[in-house]
Amino acid sequence: MDPTLTIRRSCREGICGSCSMNIAGTNTLACLCTLEEAITPDGKIRVYPLPHMTPIKDLVPDMNRFYEHHASVEPWLHLTPEQEKSKTENLQSEADRAKLDGLYECVLCACCSTSCPSYWWHGNDHYLGPAILLQAFRWISDSRDVAVHYRLQQLGSIQEKVFQCHQILACTLACPKNLNPARAAGYLKEMVHAHHQAEGTMEMTPYLPPESLNNSHAEHIHHVKLHEGLMATGDKE
């Protein structure tokens, strides 16, 4: 390897998200990508920075806008003043904890967001992208959080934040952690739409009948991921 090549790296076991890059045409984590996966049919290994992000140097892209979007969804628990002062744990049931499976594992590597055509076109504007929408859904899904109404208000305050997602599902195919950000985004669109409907602010969001959130290719992509070992058999609801 060229010793002058600049990359980000840290954990070497797929939990920090630092070494995300495009290898052999696929966004992935370098530390999880095997040599067999990296070699192209002509016997070469081709690596590129994450697509549609401004490179700082070599394989290191500028992630500032991505992190700004992440901060905008306030990725922490909102608690009541009493809970904030409490010195005891804020417990949740096993069933409520299970609702976070498939969400909390996200390592913010941006592989999914930089695979999303909508994010390529609108990521520098208000569209949050698949990774951040999954993170937003993670906190809304947490039974310990008391700010669901506020979070939905914030997500729906600018239509493009959520509704630039068109359920292309490139994000789900790209995720090196086998998560499903497209599904989380679909749920969020339903929730934001229902929130505006309840608040009487329907003009803020497009009409979204439930069937409009079902991508016609979803079943095919699910079977492809199962066949290729990219999705746990219990992942599809």
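What follows is a walk through a predicted model, from a small sheet to a trio of helices and then the cysteines.

Let's start with the sheet. It is open, has three strands in the order E2-E1-E3, and its pairing is antiparallel. Strand E2 (26–29) and strand E3 (47–48) sit at the edges, each pairing on one side only. In general, strands of a sheet pair through backbone hydrogen bonds, either parallel or antiparallel. Here, strand E1 (residues 20–23) is joined to E2 by four bridges, and the two run antiparallel. If you want a spot to anchor your eye, take Met 21, which stands opposite Thr 28 in E2. E1 and E2 form a hairpin with two residues between them. Look at Ala 24 in that turn: its phi is positive, at about 55°.

Now move along to the helices, beginning with helix H6 (residues 130–140) and helix H10 (residues 181–199). Their axes lie 8 Å apart, and they pack at an angle of about 60°. An angle like that falls outside the ranges for roughly parallel, roughly perpendicular and roughly antiparallel, so H6 and H10 count as oblique to each other. Their crossing is left-handed. On the H6 side, the contact is made by Pro 130, Leu 133, Leu 134, Ala 136, Phe 137 and Ile 140. H10 brings Pro 181, Ala 184, Ala 185, Tyr 187, Leu 188 and Met 191. Sort those by class and you get twelve nonpolar residues, with no polar and no charged ones.

H10 also meets helix H7 (residues 148–156). The axes of H7 and H10 come within 9 Å and cross at roughly 100°, so this pair is roughly perpendicular. H7 puts in His 149, Leu 152, Gln 153, Leu 155 and Gly 156. Facing them in H10 are Leu 188, Met 191, Val 192, His 195, His 196 and Glu 199. The class make-up of this contact is five nonpolar, five polar and one charged. Leu 188 and Met 191 of H10 are worth a second look, since they take part in the contact with H6 and also in the one with H7.

That leaves H6 against H7, which closes the trio. Their axes come within 10 Å and cross at roughly 160°. Since angles over 145 degrees count as roughly antiparallel, that is how H6 and H7 are arranged. The crossing of H6 and H7 is left-handed. Ala 136, Trp 139 and Ile 140 of H6 touch Val 148, Arg 151, Leu 152 and Leu 155 of H7. By class, that contact has six nonpolar residues, no polar ones and one charged. Ala 136 and Ile 140 turn up here as well as in the contact of H6 with H10. Likewise, Leu 152 and Leu 155 of H7 meet H6 and also meet H10.

Finally, the cysteines. How many disulfides does the structure hold? Zero. For Cys 33, the nearest cysteine sulfur is that of Cys 19, 9.6 Å away. For Cys 171, the nearest is that of Cys 112, at 5.9 Å. A disulfide needs the sulfur atoms within 2.5 Å, so neither Cys 33 nor Cys 171 is in one.

Methods:
Residues numbered from 1 in each chain as written. Predicted model: local features only at pLDDT ≥ 70, side-chain atom pairs only at ≥ 80, totals over all residues. Heavy atoms only, no water. Axes fitted to C-alpha atoms, helices over the stretch in contact; angles between N-to-C directions. Parallel < 35°, antiparallel > 145°, perpendicular 65-115°, else oblique. Left-handed = near helix turned anticlockwise from the far one by under 90°. Contact = heavy atoms within 4.5 Å. Nonpolar A, V, L, I, M, F, W, Y, C, P; charged D, E, K, R; others polar. Pairing = 2+ DSSP bridges.
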